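Colleague: Please take a close look at the backbone of this model, at the places where its geometry departs from the usual. I should like that part set in the context of the whole chain.

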Amino acid sequence: MNAPNKSGWKPAMTADGDTVGGPATYTGNRALMLDEALIFEIGDKNTTGVDLPEPDTNAPNRLGGMERAADIGLPGLSEPETVRHYTRLSRQNYAIDLGLFPLGSCTMKHNPRLNEKVARMPGFADLHPMAPTSTTQGALAVIYQLAEWLKTLTGMPAVAMSPKAGAHGELCGILAIRAALEARGDARKVVLCPESAHGTNPATAAFAGYEVEDIPATPEGRVDLAALEARLGPDVAAVMITNPNTCGLFERDFRKIADAVHAAGGLVYCDGANFNAIVGRVRPGDLGVDAMHINLHKTFSTPHGGGGPGSGPVVFSEALAPFAPLPFVEKTVDGYELVEEETAGDHHQLSFGRMTAFHGQMGMFTRALTYMLSHGADGLKQVSEDAVLNANYILRSLEDVLFAPYADSGPCMHEALFGDKGFAEGMTTLDLAKGLIDEGFHPMTMYFPLVVHGAMLVEPTETESKAALDQFIGAMRSVAERAIAGDQSLKTAPHYAPMRRLDETLAARKPVLAWSDPGLV
Ligand SMILES: *Cc1c(COP(=O)(O)O)cnc(C)c1O
């Protein structure tokens, strides 16, 4: 069934072009690394995993001529074939449960299994969002308690739980800012973002109809306060600043920035994706933040990647709280109630509307609250301290071999940033990343932030042991030395992965998204 090399899995090569470990195998497999063809190549129309009764061709035709005339060409497989196909494919993935994930700006951390157990409890997992609140008190209690934790940890008086990702939370925050400005008859046009901003910040502001302008950075990698103050004026609606920022540094002037923005009549949006570094140590409310999203799927565990699921609650200052979206959960003497359009009192009539049809991502809420309760307040503080310690260990262990542009700006936060300066002519960050795959690691975040040439952003998270960090550091050092020495074998890495170096330009320009076999369709 598993025809040789049909999926294009080439035998692994050494740098000299020899096949690794001997000649190519008949199957294309390499011991326990199994080749896998497309499902269309292994399936056929005569096989099925289920036994269906033969259709009664004499029965009256109830479909009124709407039945399909032509075969749609779906491949048929038996149940074991189907299970094996997807299991083999899953073994070609790198995963947080296989090894360290150094992706910066993503916080790919271990998701304790307890979270999964709680999220799957039928009382949470099988709820219908329109079930009467008298039957959903436990779920509402989870949303309410999580909201209380988020308000306490951030020092902010209100929170919207419904946004379903960080970027969705940004939109929620900017819409509240717009509603607040419009309510005082002061619609402004411009949103300022630092050069190092995550792409979602300017995208959100533009999506909400604002003009976006850059704020420059100082040579030490922080927002240039003087340049920001010079730009402030009656046309500036808000600033959007990530803190800790995408260079892995804490914005020490944040309070001064917020005061200056407020004095100029604007509002302060903080991108809280990096909250992981400061939980339990810094409360954004004390820094003058008006709105900040929290990526529950980054800061408070939850498996993510591959597009979701995520959850991006937004905390609000007093000034913005009345404009927050509906619904939210309130605690009354009779239990938990949902404040919706019909029940919102005067105070909440200013709400800008809704972000989602229902209440947000229940599965993320249960995981995040489980994570918080199992760590406790002191444990959460230790999480951020350990995350920062791990990142600094990586920064200081590699700064002699990799260019670390902000190494002199003080300790980094939860991520360490390097650049490609010093690589041999023609060697790139991409080559180093591909070499890292041969070492058995998922590569770090590359070419972001844009302010550093050939950027490599490494975030270890607090869950990695010193032994794991040492192994990663050793691999990074080895690959970096090859990039500096101009080792040409790095240009064709990975050599040992299921797939060799792919043509990324071709993949972007001429994606092959479907496979069709004239014999099947
Ligand atoms: C991840 C991230 C975002 C976007 O969050 P999503 O949940 O992916 O939409 C925004 N800003 C920063 C700094 C991030 O790291």
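Modeller: Accessible areas here are obtained by the Shrake-Rupley method with a 1.4 Å probe. On that basis the accessible surface of the protein, which is a predicted model, comes to about 24,800 Å², with 57% of it belonging to carbon and sulfur atoms. Buried residues account for 49% of the 521 in the protein.

The overall fold provides the setting. The protein contains 14 helices and 12 strands. Its radius of gyration is 26 Å, close to the 24 Å given by the globule rule for 521 residues, so the protein is as compact as a globular protein of that length. Along the principal axes, the C-alpha atoms fill a box of roughly 75 × 70 × 40 Å. Of the contacts with a separation of 6 or more, 71% are between residues 24 or more positions apart. As to charge, there are 42 positive and 63 negative side chains, yet the centres of the two sets lie 2 Å apart.

I turn now to the backbone. Most residues other than glycine have a negative phi, and most peptide bonds are trans. Against that background, Ser301 has a positive phi, near 60°. Ser301 is placed in the loop between H10 and S7. With a relative accessible area of 0%, Ser301 falls under the 20% cut-off and therefore counts as buried.

Helix H10 itself spans residues 296–299 and includes Thr299. Thr299 is likewise buried, because its relative accessibility of 2% is under 20%. Apart from neighbours within four places in sequence, Thr299 is in contact with Lys109, Gly272, Ala273, Phe275, Asn276, Val279 and Tyr371.

Strand S7 covers residues 314–316, and the loop that joins S7 to strand S8 (328–332) holds Pro327. The peptide bond leading from Leu326 into Pro327 is cis, with omega near -5°.

A second positive phi occurs at Thr461, where the value is near 65°. Thr461 sits in the loop that runs from strand S12 (456–458) to H13. This threonine is buried, since its relative accessible area is 1%, under the 20% limit. The UniProt record (an unreviewed entry) places "domain: Glycine dehydrogenase C-terminal" at residues 384–482, a range that takes in position 461. Over residues 384–482 the chain is 42% helix and 8% strand, while the C-alpha atoms at the two ends are 33 Å apart.

A further cis peptide bond joins Ala493 and Pro494, with omega about 5°. Pro494 belongs to the loop between helix H13 (466–485) and helix H14 (504–509). The backbone features described here thus comprise positive phi values at Ser301 and Thr461, together with cis bonds before Pro327 and Pro494.

For contrast in exposure, consider Phe40 in helix H1 (residues 39–42). Phe40 is partly exposed, because its relative accessible area of 29% lies between the 20% and 50% limits. The C-alpha atom of Phe40 is separated by 7.6 Å from that of Leu74, a residue 34 positions away along the chain.

Technical notes:
Residues are numbered from 1 along each chain as its sequence is written. This is a predicted model: local features need pLDDT of at least 70, side-chain atom pairs count only at pLDDT 80 or more; totals for chains, interfaces and linings use all residues. Side-chain values use heavy atoms; hydrogens and water are left out. Helices (H or I, at least four residues) and strands (E, at least two) are DSSP runs, numbered from the N terminus. The radius of gyration is taken over C-alpha atoms; the globule rule is 2.2 Å times the number of residues to the power 0.38. Buried means under 20% relative accessible area, exposed over 50%, partly exposed in between (1.4 Å probe, protein chains only). Contact means heavy atoms within 4.5 Å. Lys and Arg count as positive and Asp and Glu as negative; His and the chain ends are not counted. The place of a charge is taken as NZ of Lys, CZ of Arg, CG of Asp or CD of Glu. UniProt positions are given in the numbering used here, feature names are shortened, and annotations may be inferred rather than shown by experiment.
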